[in-house]
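Thanks for making the time this morning. I would like to walk you through one model, so please have the sequence and the structure open as I talk.

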Amino acid sequence: RIKMQWRHCEVNKPLTLETFFIGSNNLRMQMHGFIKAIAKKYDLRGQELIFLLAIDHYKDSTVGYLSKKLNVQQANVSKMVKSLEEQGFITKELDPDDIRSFTLNMTPKSIELKKQIRQSFSAQYEEHKDEIDLEVMIKGIEEMQKLIQIYEDIL
């Protein structure tokens with residue numbers, strides 16, 4: 001079982017610039033630790049887990065596509081792809097539309113890993129679903145993305 005120390009943010013306090021940025025940073029750090037802990041349970045690094053899930057989520061992914069979607073330099077994506085391929089989690093297939101590129105595919109090993117993670121998450125969710133409001137969580141993520149986009153437009 002993954003044990004993590006969760007920091008609680010103050011609620012029902014007025015939102016200030018400082019509370020927004022400090023709270024966002026705390027969330028970022030907690031998510032980073034959460035991803036690392038899950039990945040470690042399966043003998044992966046956090047970024048490897050994210051890449052595997054992204055390869056499965058974005059069907060027919062290429063290095064360039066993942067670079068854009070995950071906001072990671074192509075050279076770093078290439079290194080990650082090589083590592084995942086060496087571990088037997090993915091295969092590369094020549095992209096029929098661009099012979100300079102490869103389509104990345106999950107292997108049975110990575111499909112089984114994803115299945116185990118999904119089962120673990122489902123079990124935990126079922127046990128605690130009355131404590132979690134998924135609609136609010138998803139709406140919060142959407143609102144954060146909107147706010148970030150507003151500020152990106154002026155930068």
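I will begin with the overall layout, then take the helix packing, the core, the hairpin, and finally a few residues in the loops.

Please keep in mind throughout that this is a predicted model. The protein contains 6 helices and 2 strands, and if you read along the sequence, these elements follow the pattern α-α-α-α-β-β-α-α. The C-alpha trace spans about 55 × 45 × 25 Å along its principal axes. Of the 155 residues in the protein, 23% are buried. If we take the contacts between residues at least 6 apart in sequence, 49% of them join residues at least 24 apart.

Let me turn to the helices, starting with α1, which covers residues 17–41, and α2, which covers residues 46–57. Their axes come within 7 Å and cross at roughly 85°, so α1 is roughly perpendicular to α2. On the α1 side the residues involved are I35, K36, I38 and A39, and they meet G46, L49 and I50 of α2. By class, that contact consists of 5 nonpolar residues, 1 polar and 1 charged.

Helix α2 also packs against α5, residues 108–128, and here the angle is about 105° with the axes 11 Å apart. That angle, too, makes the pair α2 and α5 roughly perpendicular. From α2, the residues L49, L52, L53 and D56 meet S110, L113, K114 and I117 from α5. This contact has 5 nonpolar residues, 1 polar and 2 charged. You may have noticed that L49 has now come up twice, since L49 is listed in the contact with α1 and again in the contact with α5.

That leads to the core. In soluble globular proteins, nonpolar side chains tend to be buried together. In this model the largest nonpolar core has 22 residues, and those with the most contacts inside it are L52, L84 and I90. At least two residues of this core come from each of α1, α2, α3, α4, β2 and α5, and α2 gives the most, with 5 residues. What is L84 in contact with, once its neighbours within four places in sequence are left aside? The list is E48, F51, L52, I55, F89 and I90, and two of these, L52 and I90, are the residues named alongside L84 for their contacts inside the core.

Next, the strands. Strand β1 runs over residues 90–95 and strand β2 over residues 98–106, and the two are antiparallel and joined by 6 bridges. Together β1 and β2 form a hairpin, with 2 residues between them. As a point of register, K92 stands opposite L104 in β2.

T103 lies in strand β2, and I would like to use this residue to connect the hairpin to the loop between α2 and α3. T103 is counted as buried because its relative accessible area is 9%, where the cut-off for buried is under 20%. Not counting residues up to four places away in sequence, T103 touches D60, S61, T91, K92, E93 and D95. How far apart are the C-alpha atoms of T103 and S61, given that the two residues are 42 apart along the chain? In the model the separation is 5.5 Å.

S61 itself sits in the loop between α2 and α3. Is S61 buried or exposed? With a relative accessible area of 0%, S61 is buried. Leaving aside neighbours within four places in sequence, S61 is in contact with A54, I55, L66, F102, T103 and L104.

D60 is in that loop between α2 and α3 as well, yet D60 is exposed, with a relative accessible area of 59%. The backbone at D60 deserves a look, as phi there is near 60°, a positive value in a residue other than glycine. For context, most residues other than glycine have a negative phi. N71 is another such case, with a positive phi of about 55° although N71 is not a glycine. N71 is placed in the loop between α3 and α4, and at 72% relative accessibility N71 counts as exposed, because the cut-off for exposed is over 50%.

That is where I will stop, and I am happy to go back to any of these regions.

Terms used. Residues numbered from 1 in each chain as written. Predicted model: local features only at pLDDT ≥ 70, side-chain atom pairs only at ≥ 80, totals over all residues. Heavy atoms only, no water. Axes fitted to C-alpha atoms, helices over the stretch in contact; angles between N-to-C directions. Helix = DSSP H or I, 4+ residues; strand = E, 2+ residues; numbered from the N terminus. Parallel < 35°, antiparallel > 145°, perpendicular 65-115°, else oblique. Contact = heavy atoms within 4.5 Å. Nonpolar A, V, L, I, M, F, W, Y, C, P; charged D, E, K, R; others polar. Pairing = 2+ DSSP bridges. Buried < 20%, exposed > 50% of the residue type's maximum accessible area, 1.4 Å probe, protein only. Core = buried A, V, L, I, M, F, W, Y, C linked by side-chain atoms within 4.5 Å.
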